[in-house]
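Let's take a friendly walk through a protein model together. Have a look at the structure below, and then we will go through it part by part.

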Amino acid sequence: MNPKPILEIASSSREAMLKHFGVPETDAAAPTFEIVDESDDTAVVRIYDRISSFWGVNAADFVEEISAITKPKIRVEMSSPGGSVFDGIAIYNALRVHPAEITTRADSLVASIASVIFQAGDTRQMMTGSQLMIHKAWGLEIGNADDHLAFAELLEKQDGVIAEIYAAKSDHDAEHFAELMTAETWLTHTEAIDEGLADETLDPSASDDAEPDASATPPVQNSTPTKPKWEPPQASTGDEWVREYINAEPSAPASTN
């Protein structure tokens, strides 16, 4: 594919991008997260997609929907590879300021900016077998040397913001998490607890009488509602790889790497 149209499309509006890739606006605008009423006092929010203003869970739709929830408890069930830094931070803060008691639950993978959203929980739960990944921010930049140097500074600033969020609920400082981010660190459910990035582990196969275990040793039980089968979004052209990279304006970090 000729790179010139890619550079042009990277700096265009969301609508132009959707048109270029043949994605109907009605399909692109469909919510890629789900909110269901589990009980009289608990709403379940499922984020099983990337975080993105273009293809995935976008902050504008999420904040509007989450603000309408009036139940006293919200459980956010997550399996996400991450995505846009700024959409992710907006979702993280929307959960933090919500008056409900928030539980975030990692069902499989919470990576990159999804691991930041995960930190919004008053209680952060890791299902057995789930993983958490943290790394440095990255993105695409188009321009001269000055533009790229400025973009590098912007990326470094995002690294600092994210490291501070990780440190806020941990016994470790931001410098510790900056080192883990530089190394691109993958953590099992028990390792995430050890690092202070999760509170307890859940085992759905354990007995009904068990309680969540913050030490992450004995398996415990969590009653999980039956979920509908999730199907990944289908690309309509041969340009699928571009979708993974164009999630933000060229002057803003597209993801947490």
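## Where to be careful

This is a predicted model, and a good place to begin is its confidence. Over residues 1–14, pLDDT stays under 50, and the model has 25 contacts beyond four places in sequence for this stretch. Residues 216–252 also have a pLDDT that stays under 50, and here the model has 92 contacts beyond four places in sequence.

How should you treat such stretches? Where pLDDT is low, the predicted coordinates should not be read in detail. For the protein as a whole, the average pLDDT is 79, and 68% of the residues score at least 70.

## The overall picture

How many helices and strands does the protein have? The secondary structure comes to ten helices and eight strands.

Of the 257 residues in the protein, 48% are buried. Turning to the outside, the protein exposes about 12400 Å², and carbon and sulfur atoms supply 52% of that area. Contacts tell you about the chain too: among those with a separation of 6 or more, 67% are between residues 24 or more positions apart.

## A closer look at Leu 155

Now try finding a single residue, Leu 155, in helix H7, which covers residues 145–168. Is Leu 155 buried or exposed? Its relative accessible area is 14%, and because buried means under 20%, Leu 155 counts as buried.

You can also look for Trp 138. Leu 155 and Trp 138 are 17 residues apart in sequence, and their C-alpha atoms are 6.5 Å apart in space.

Technical notes:
Residues are numbered from 1 along each chain as its sequence is written. This is a predicted model: local features need pLDDT of at least 70, side-chain atom pairs count only at pLDDT 80 or more; totals for chains, interfaces and linings use all residues. Side-chain values use heavy atoms; hydrogens and water are left out. Helices (H or I, at least four residues) and strands (E, at least two) are DSSP runs, numbered from the N terminus. Buried means under 20% relative accessible area, exposed over 50%, partly exposed in between (1.4 Å probe, protein chains only). Contact means heavy atoms within 4.5 Å. Accessible areas come from the Shrake-Rupley method with a 1.4 Å probe; for residues, only the protein chains shown count as cover. pLDDT is the predictor's confidence in each residue, from 0 to 100.
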